[in-house]
Amino acid sequence: MAKSITYQQAGVDIDANDRMVDMIKANVRRTHGLRVIHLHNAFAGLFRLDYDEKVFKKNYREPVLVACTDGVGTKIKIAQKMRRYDTVGIDLVAMSVNDMLVQGAEPLFFLDYIAVNNLAPEKINEFVAGITEGCLQADCALLGGETAEMPDLYRKGEFDLAGFAVGVVEKKRLITGEHVEAGDTVIGLASSGLHSNGYSLVRRVCFDKAKLKTGQYIDELGETLGEALLRPTRIYVKPIVSLLRKYKVKKVVKAMAHITGGGLIGNIPRVIGSKHDVVINKKWPVPPIFELLQKLGPIEEEEMYRVFNMGIGYVLIVRPKHTGSIMRHLRKLGEKPYLLGKVKRGSGKAIIK
């Protein structure tokens with residue numbers, strides 16, 4: 001009789017998965033509000049979208065659901081190299097919730113997908129701790145997720161992440177950019193650094209070309225290279241939602257852009273239409289990580305602005321007469337808003353001066 005073989009011998013540990021599920025429960029529950037319906041051993045997450053119960057703070061008359069999905073890109077290679085797994089969880093949430101925010105949507109819930117070579121419950125718990133922190137920053141529920149152990153697809157120590165977010169916005173409060181016009185003001189919010197874009201170029205410059213190490217202290221940065229590269233993406237949900245609630249009647253925010261891959265040059269044109277340009281003046285402080293990368297490359301300045309956020313992670317296009325009050329409100333919320341420039345008639349370009 002042939003000797004039997006188990007799933008664990010094939011590389012998949014069901015018991016480890018059960019331990020992981022028990023381990024992450026506390027973190028997941030931290031993100032749950034009254035809208036989450038708890039069902040023991042459910043195969044899906046449940047979330048109420050009521051509009052007639054006053055106990056809920058998010059009530060809608062004509063709700064439009066907004067959905068986003070994204071990953072962290074090759075930033076995960078840095079996390080793998082440093083064996084640090086919590087910060088990329090924040091990045092994962094940020095990439096989706098910041099995108100849906102552009103349409104004026106408030107995030108409701110988030111789901112994650114984690115693929116690994118070997119399921120180590122402690123490592124997964126680190127991922128989930130970061131995802132939980134991201135959801136708390138975004139004021140949304142971590143409703144569920146999937147962890148896939150696939151030793152045939154991923155080498156030892158390798159992993160990949162994907163995130164999925166659903167939000168909601170009142171139909172009449174949708175922000176589409178259709179009313180952008182010449183003379184509107186462009187406001188930028190500071191980034192925390194690289195966020196989650198351009199890491200293939202970063203890795204090529206820092207590790208392949210300059211032969212730097214993640215644990216190496218860099219004088220220009222005031223910290224190790226790894227600390228600078230793993231700094232999480234900023235989540236702009238709470239200040240932007242607060243701002244939009246402040247101006248419920250007057251639609252003073254005409255368009256917004258999350259500055260991800262493509263930088264200011266690639267992302268702003270997506271929201272201003274084909275008959276306008278945005279002229280941006282380079283007057284904000286550029287974080288030192290960008291200056292270091294440009295020097296090490298060397299990388300042409302135009303390429304820097306095409307690949308990276310260059311210190312501006314989120315952009316608002318607003319009515320000129322409300323510019324001052326908007327910037328004051330954002331400062332009160334702890335933001336660092338910068339007056340970037342103006343909208344003018346053109347052909348759908350972002351011009352950096």
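## Exercises on two strands and their neighbours

In this predicted model, nine bridges connect β3 with strand β6 (residues 159-170), and the two run antiparallel.

**Exercise 1.** Find which strands form the open sheet that holds β3, and in what order.

*Solution.* Step 1: the sheet has four strands, and their order is β3-β6-β4-β5. Step 2: the pairing in this open sheet is mixed. Step 3: β3 (63-71) and β5 (141-149) are the edge strands, as each pairs on one side only. Step 4: on average, neighbouring strands of the sheet are turned by 15 degrees against each other, direction ignored. Step 5: as an example of residues facing each other, Thr69 stands opposite Phe164 in β6. Step 6: helix α3 (residues 87-101) lies across β3, β4 (106-116) and β6, and runs at about 140 degrees to β3.

**Exercise 2.** Decide whether Glu170 is buried or exposed, and find what its side chain reaches.

*Solution.* Step 1: locate Glu170 in strand β6. Step 2: its relative accessible area is 17%. Step 3: buried means under 20%, so Glu170 is buried. Step 4: the side chain of Glu170 reaches the backbone nitrogen of Glu62 at 3.0 Å.

**Exercise 3.** Describe how strand β7 is covered and which strands are joined to it.

*Solution.* Step 1: six of the six residues of β7 (residues 185-190) are buried. Step 2: Thr185, Ile187 and Leu189 point one way from β7, while Val186, Gly188 and Ala190 point the other way. Step 3: six bridges join β7 to the antiparallel strand β12 (residues 312-318), where Ile312 is the bridge partner of Ala190. Step 4: five bridges join β7 to strand β13 (residues 337-345), also antiparallel, and there Lys342 stands opposite Thr185.

Key
Residues are numbered from 1 along each chain as its sequence is written. This is a predicted model: local features need pLDDT of at least 70, side-chain atom pairs count only at pLDDT 80 or more; totals for chains, interfaces and linings use all residues. Side-chain values use heavy atoms; hydrogens and water are left out. Two strands pair if DSSP finds at least two bridges between them. Axes are lines fitted to C-alpha atoms, for helices over the stretch in contact, and angles run from 0 to 180 degrees between N-to-C directions. Contact means heavy atoms within 4.5 Å. Buried means under 20% relative accessible area, exposed over 50%, partly exposed in between (1.4 Å probe, protein chains only). A polar contact is a pair of N or O atoms within 3.5 Å; within protein, one must be able to donate a hydrogen and the other to accept it, and residues adjacent in sequence count only if both atoms are side-chain atoms.
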